[in-house]
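User: Hi! I've just opened this model and I'm a bit lost. Can you walk me through it?

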Amino acid sequence: MLKTKGLEGVVATTSSVSSIIDSVLTYQGFNIDDLANNASFEEVIYLLWNGRLPKQDELNLLVEELSENAFIPEAILDQIKTSPVEIVHPMAALRSWVSSLALYDEEADDMSEEANRRKAIRLQAKIPTIVTAFSRIREGKDPIAPNKDLSYAANFLYMLTGKKPDEISVNAFNKALVLHADHELNASTFTARVCVATLSDIYSGITAAIGALKGPLHGGANEAVMATLIDIGEVENVESYIRKSLDNKEKIMGFGHRVYKDGDPRAKHLKEMSNQLTVITGEKKWYDMSAKIEELVTNEKGLLPNVDFYSASVYHSLGIKHDLFTPIFAISRTSGWIAHILEQYENNRLIRPRADYIGAFNQKYIAIHSR
Ligand code: ACO
């Protein structure tokens, strides 16, 4: 019987989507460093879904399809407007409206490969529109329609703010999307695969994955990191704050990883971006505090920052509301979830492990009046 808590070290499937070997992350065999430095997020979507980089005409077609499908049904906008937007967390909202999308897709339960590929495009295209519409509606503003002349990264920032974003912001945001796109059998991807391995539909798989990503031990950590930085306030408070947290055996959000023990290869890119962007915004303290926390946590606990740690100060520097950090992660990771869902359908078997039973035996039913 399996006794590994949290399935640590358990190999649960084969996959050719992404790999983590000796702390090197690859998407379809391409080193993440290479992609982060060179690729557009649209190219990465194509790569994850097709196993190779697109030719120019293939990329053009994908960009066009994403753009054409970026609008969300009016009924969903109405649902957002009538929901308690001022109190609901955007991840709960995203989980709900992604599920709602299926209600307006007549192919929702068509399990053919062609229909699944069309639904993949629709989901990837509409998720940023849902997040930005939600964000604007709760601020009492009108949602902004997607602009077909903008890239995926630029369009998100545009729909969020209503202003055409500058090149530095677009490049930084594109890189963040590339870095978060896939990550082998992480908790949310595993969730997606378990869900669709019952031959449930792609909307169910993505909805389930969003639920798993929401938690602070997974994608929710990036928002928690920003809360920690704000709580600390200034660089001179870092040492006492972190020492106290460690003494109290509290977890420092954005540190540690189940798979990487020599460091998360995505973190260095985000660290560099955080350094550059905080100089531009004139709020260098977020980077300085983060770097100081890293130094302390690494020296004291031997723990290294994961993808969520420096992404917090990166997104903050891009002017993004802190509770949208995890939805942004979901926007990017949808590309990876879809790649894994399509792979699961291709060679499916129900995922149904066993539990090692540690409960009572030989219990006998006692009538309620005698208990
Ligand atoms: N701060 C302080 N101590 C930590 C941290 C941390 N961030 N992470 C791990 N540890 C300690 C644990 O307390 C534990 O110590 P112990 O053996 O003395 O009890 C030991 O390191 C092992 O930690 P586990 O929690 O058992 O490691 P696991 O592999 O189960 O968890 C996880 C990995 C969830 C990422 C963990 O490191 C953590 O909670 N980090 C903070 C949350 C976070 O940043 N999550 C995002 C991860 S990346 C992503 O999902 C996108």
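User: I clicked on phenylalanine 361. Is it buried or exposed?

Analyst: Phenylalanine 361 counts as exposed because its relative accessible area is 62%. The labels work like this: buried is under 20% relative accessible area, exposed is over 50%, and partly exposed is in between, using a 1.4 Å probe and protein chains only.

User: Anything I should know before I trust the numbers?

Analyst: Yes, this is a predicted model, so local features need pLDDT of at least 70 and side-chain atom pairs count only at pLDDT 80 or more, while totals for chains, interfaces and linings use all residues. Residues are numbered from 1 along each chain as its sequence is written, and side-chain values use heavy atoms, with hydrogens and water left out.

User: Got it. What's the overall picture? How many helices and strands are there?

Analyst: There are 16 helices and three strands. These are DSSP runs numbered from the N terminus, with helices being H or I of at least four residues and strands being E of at least two. The C-alpha atoms fill a box of roughly 70 × 55 × 45 Å along the principal axes. Of the 371 residues, 50% count as buried.

User: Nice. How many aromatic pairs does the structure hold?

Analyst: It holds eight. Two rings of Phe, Tyr or Trp (its six-membered ring) pair if their centres lie within 6.5 Å; planes under 30 degrees apart are stacked, over 60 edge-to-face, and the rest tilted. One of the eight joins phenylalanine 41 and tyrosine 152, and this pair is tilted, with 5.1 Å centre to centre and 55° between the planes.

User: Where do those two sit in the chain?

Analyst: Phenylalanine 41 belongs to helix H2 (residues 41–50) and tyrosine 152 to helix H7 (residues 152–161). They are 111 residues apart, so the pair links distant parts of the chain. Both phenylalanine 41 and tyrosine 152 are buried.

User: And does my phenylalanine 361 have a partner? Which residue does it pair with?

Analyst: Its partner is tyrosine 357, in an edge-to-face pair: 5.1 Å centre to centre and 85° between the planes. Elsewhere, Phe156, Phe173, Tyr315 and Phe325 form one aromatic cluster.

User: Switching topic: how many cavities of 30 Å³ or more are there?

Analyst: There is one cavity of 30 Å³ or more. The largest cavity holds about 140 Å³ of space. Its lining comes to 16 residues, and those nearest its centre are Leu66, Ser67, Ser151, Tyr152 and Asn155.

User: Tyrosine 152 again! Which helices help to line the largest cavity?

Analyst: Helix H3 (56–68), helix H6 (113–138) and H7 each supply at least two lining residues. H7 gives the most, with four.

User: What about pockets? How much space lies in the largest one?

Analyst: About 1,500 Å³. It is lined by 45 residues, and the closest to its centre are Asn186, Ala187, His257, Arg258 and Val259. The elements that give two or more residues to this lining are strand E1 (18–21), helix H9 (187–196), helix H15 (307–317) and helix H16 (325–346).

User: Wait, how do a cavity and a pocket get defined?

Analyst: On a 1 Å grid over the protein atoms alone, a cavity is a set of points where a 1.4 Å probe fits but cannot get out, while a pocket is an open set with protein on both sides within 12 Å along at least five of seven lines; lining residues have an atom within 4 Å of a point. Points are joined across faces, edges and corners, and the volume is the space filled by probe spheres set on them.

User: Thanks! Any unusual backbone angles?

Analyst: Most residues other than glycine have a negative phi. Lysine 249 has a positive phi, near 60°. Lysine 249 is found in the loop between helix H12 (238–247) and helix H13 (267–281), and it counts as exposed because its relative accessibility is 75%. Asparagine 362 also has a positive phi, near 55°. Asparagine 362 lies in the segment after H16 and is exposed, at 71% relative accessibility.

User: Last one: I also marked glutamate 184 and isoleucine 328. Where do they lie?

Analyst: Glutamate 184 is in the loop between helix H8 (167–180) and H9, and at 30% relative accessibility it is partly exposed. The C-alpha atoms of glutamate 184 and serine 19 are separated by 5.7 Å, although the two are 165 residues apart along the chain. Isoleucine 328 lies in helix H16 and is buried, with a relative accessible area of 0%. Its C-alpha atom and that of threonine 207, 121 residues apart along the chain, are separated by 15 Å.
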